Amino acid sequence: MFKYLKQLTSLVAMVAVLFTFTTESMAAKKSKTLKNTQKKGFVRCGVSQGLPGFSNADAAGNWTGVDVDVCRAVAAAVLGDANKVKFTPLSAKERFTALTSGEIDILSRNTTWTLSRDADIGLTFVGVNFYDGQGFMVRKSSGITSTSQFKNGISACTNIGTTTELNMRDFFNSRGISYEPVAFEKADEVVAAYDAGRCDTYTTDKSGLAAQRTKMKNPDEHIVLPETISKEPLGPVVRQGDAVWEDIVRWSLNTMIEAEEYGITSANADSMKTSDNPQIKRLVGAEGEMGAAFGLDNEWNLRIIKQVGNYGESYKRNIADTGILPDRGPNELWTKGGILYVPPSR
Amino acid sequence: MNFKLKDIGPQLMTVIAVVLVFGFFTYNAQVNMENRGIDFGFGFLSQESSFDVQFSLIEYDGSHSYFRAYLVGLLNTILVSVIGIIFATILGVIVGIARLSPNYLINKFAAFYVEFFRNIPLLLQIFFWYFAALRALPLPQDAEAMFGISFLTIKGLYVPAFIWQNFDIFFYSLVAAIISIIVIRIRAKKLQETQGKQTPVLLISIGLIFILPLLSFLFGGVRLSFEVPVLKQLATTSFIYEGGVSLPPELIALALSLSLYTATFIAECVRAGIQGVGKGQKEAAASIGLTPNQVLKLVVMPQALRIIIPPTTNQYLNLTKNSSLAAAIAYPDLVLVFAGTALMQTGKAIEIVSITMFTYLSLSISISLFMNWYNNKIAIQEK
């Protein structure tokens with residue numbers, strides 16, 4: 001009897017050891033990126049060269065913005081500290097190469113999710129953190145109040161290497177308007193050239209127009225036209241081929257959005273551990289094993305909410321309070337009339 | 001075994017090293033691209049580009065292929081390089097000679113110009129000329145007409161377009177003039193060598209190049225008219241010029257900064273070349289009764305050119321390569337159109353960057369070969 005028990009326990013122990021070994025090593029084995037990130041001690045994140053509200057560095061070199069917060073959330077989840085992020089400013093042209101070549105591990109740079117980008121070039125989009133659309137800015141003095149007043153010969157300043165260039169062509173072509181595209185490599189030069197009067201209109205994503213308007217000599221002299229000519233779902237991107245890392249980034253973003261939905265904020269996150277709602281408890285790591293599949297501990301999502309805040313807090317801090325786009329528009333929760341809707345964490 | 005290992009050993013090792021290094025890079029790229037699910041191939045070149053370009057020498061819009069977009073970028077690069085080389089050479093020669101002028105003011109002014117422009121980074125100069133020009137130039141509606149037909153505005157330089165009738169006849173008359181000039185030159189040289197007679201070749205050449213095309217106007221039915229740009233209103237405060245030819249301010253700013261920058265280096269080459277000809281050469285030439293013009297043309301310049309050409313070739317190559325800074329100010333050159341937009345839209349980084357590198361290499365080698373040929377032609381022929 002004792003002999004059998006001994007054999008049984010050793011068998012159980014062996015199975016248990018084998019099992020824990022496999023689960024532990026599976027997540028680590030599956031995600032080279034996670035392993036490298038934990039070894040380095042920081043998340044390598046590609047951001048823009050300066051787009052207020054999305055990713056912008058202040059004079060001291062501190063990055064802020066909703067795109068920046070995605071990377072900070074991942075750092076909080078993976079490394080336990082939201083500040084352990086190394087930001088790499090990238091032009092529109094450089095961004096995908098930097099990601100596919102392994103120079104960065106997350107690209108969070110107001111990047112539009114399109115079929116060809118997702119399918120063709122070794123990238124995977126993990127979600128949408130801002131629903132945007134392309135628009136036009138003109139000088140108020142021009143008297144133009146709608147894109148229907150555009151005439152042949154109009155010159156349009158924009159960035160190269162973006163979906164903007166393609167949408168612009170579709171837009172003008174479908175209306176039979178001839179136009180002069182003036183495309184710069186960096187956003188600052190686009191703004192400077194448009195501001196100097198080189199172009200009649202400046203076209204890019206509407207959030208970008210609102211943000212860049214704050215950089216102009218006299219922001220009040222310019223208006224953004226009401227029409228939206230394209231869908232621009234902007235979101236973080238990772239390299240193809242690391243499913244675990246992809247999941248970590250996706251669910252870090254989802255956690256921020258879902259936390260807002262359930263009213264969990266950076267201030268009340270700790271107290272929510274004793275909530276009656278199991279969904280809330282799962283979001284703050286007080287119920288279930290929500291981190292194991294990623295190879296993370298159970299409080300990864302609590303750390304995101306405590307250190308970075310929920311999506312609403314991030315939006316308010318970066319985009320609303322800075323006067324860029326006080327109205328959330330489509331970027332409001334689905335429960336409040338917007339289209340932000342993420343799968344449940346369970 | 002005729003050859004010794006000692007002779008070919010180092011060369012063999014170099015070849016093996018080069019092959020290994022390139023092989024390693026290729027293999028590495030292949031493995032990494034496979035791991036990341038990136039295809040390699042040039043099939044994209046025939047796909048529709050679906051983006052427009054601001055300024056093109058050939059017919060192009062987004063419905064053409066990426067290859068066509070490549071040609072647009074290449075031609076724009078060649079255009080700005082050729083304009084830059086021509087103006088840099090003219091300015092460089094003038095400034096180089098001015099630096100040797102005994103006139104204190106001219107001399108110092110040329111020296112100041114050289115030191116000033118060659119010591120400021122080119123990219124800054126491009127930004128300066130572009131944004132300074134943009135801020136200084138008038139809006140189309142405020143522009144003053146130059147000679148009543150041209151307008152320099154913030155949106156570009158608008159000049160009248162030539163509208164030809166029977167252009168082919170005019171063209172043939174020009175070709176005929178050039179051929180006859182060449183024939184006359186050869187005959188004049190022979191005449192000089194055999195009978196010592198001098199022919200006023202320059203006068204005859206100038207005459208021919210004007211008279212033959214003039215005849216084509218008088219008798220060949222060639223007609224030339226101008227289409228003058230006209231102001232057109234787009235919105236309350238927004239105007240453009242229609243008709244005529246427009247040169248974008250990006251091209252003007254880029255050509256200007258490239259010329260001003262490179263001219264400083266060419267000026268130094270020219271000065272070095274002229275100073276490299278011994279003083280005794282001029283004195284000897286003068287002593288056998290040559291006029292100052294003949295001294296310059298027959299004695300000083302042929303020797304100076306030998307010193308000037310090789311370093312000037314370098315400057316031409318630099319100018320061509322520097323033209324890739326165009327991307328900063330939206331001039332649609334090869335880098336902006338092909339290695340910029342096309343790369344972004346296709347994601348074919350390795351293919352496009354290789355094509356672009358190879359293109360610049362070919363451009364540079366062509367310039368090199370031409371200048372080497374010219375250099376050999378004027379080099380001392382040892383007999």
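**View 1. A covered strand in chain A.** A residue counts as buried here if 20 or more other C-beta atoms lie within 10 Å of its own. By that yardstick, strand E8 of chain A, residues 134-139, is mostly covered, with 6 of its 6 residues buried. Bear in mind as you look around that this is a predicted model. Which residues point which way from E8(A)? A:Gln134, A:Phe136 and A:Val138 go one way, while A:Gly135, A:Met137 and A:Arg139 go the other, and all of them are buried.

**View 2. The strands paired with E8(A).** Let's stay with E8(A) and look at its partners. Strand E11 of chain A, residues 201-205, runs antiparallel to E8(A), and 5 bridges join the two. Strand E12 of chain A, residues 222-224, also pairs with E8(A) in the antiparallel sense, over 3 bridges. A handy residue to follow is A:Val138: its bridge partner in E11(A) is A:Thr201, and its bridge partner in E12(A) is A:Ile223.

**View 3. Where chain A meets chain B.** Here 39 residues of chain A are in contact with 35 residues of chain B. On the chain A side, helix H4 (95-100), strand E9 (154-159), helix H6 (163-174), strand E10 (179-184) and helix H7 (187-196) each supply at least two of the touching residues. Which of these elements gives the most? That would be E10(A), with 5 residues. Sorted by class, the side of chain A that touches chain B has 14 nonpolar, 13 polar and 12 charged residues.

**View 4. A buried proline in a loop of chain B.** Now for a single residue, B:Pro140, which sits in the loop between helix H4 (122-136) and strand E1 (145-146) of chain B. Why does B:Pro140 count as buried? Because B:Pro140 has 22 C-beta neighbours inside 10 Å. Setting aside neighbours within four places in sequence, its contacts are B:Thr153, B:Lys155, B:Leu231, B:Phe239, B:Ile240 and B:Tyr241. For a sense of scale, try B:Ala88: B:Pro140 and B:Ala88 are 52 residues apart in sequence and 29 Å apart in space, C-alpha to C-alpha.

**View 5. The two domains assigned in chain B.** Stepping back a little, the domain assignment of chain B gives domain 1, made of 45-143 + 246-378, and domain 2, made of 169-219. How many Å apart are the C-alpha centres of these two domains of chain B? The centres of domain 1 and domain 2 lie 31 Å apart.

Key. Residues numbered from 1 in each chain as written. Chains lettered and ligands numbered in written order. Predicted model: local features only at pLDDT ≥ 70, side-chain atom pairs only at ≥ 80, totals over all residues. Domains from an automatic or database assignment. Contact = placed C-beta atoms within 7 Å. Helix = DSSP H or I, 4+ residues; strand = E, 2+ residues; numbered from the N terminus. Nonpolar A, V, L, I, M, F, W, Y, C, P; charged D, E, K, R; others polar. Buried ≥ 20, exposed ≤ 12 C-beta atoms within 10 Å, placed from the backbone. Pairing = 2+ DSSP bridges.
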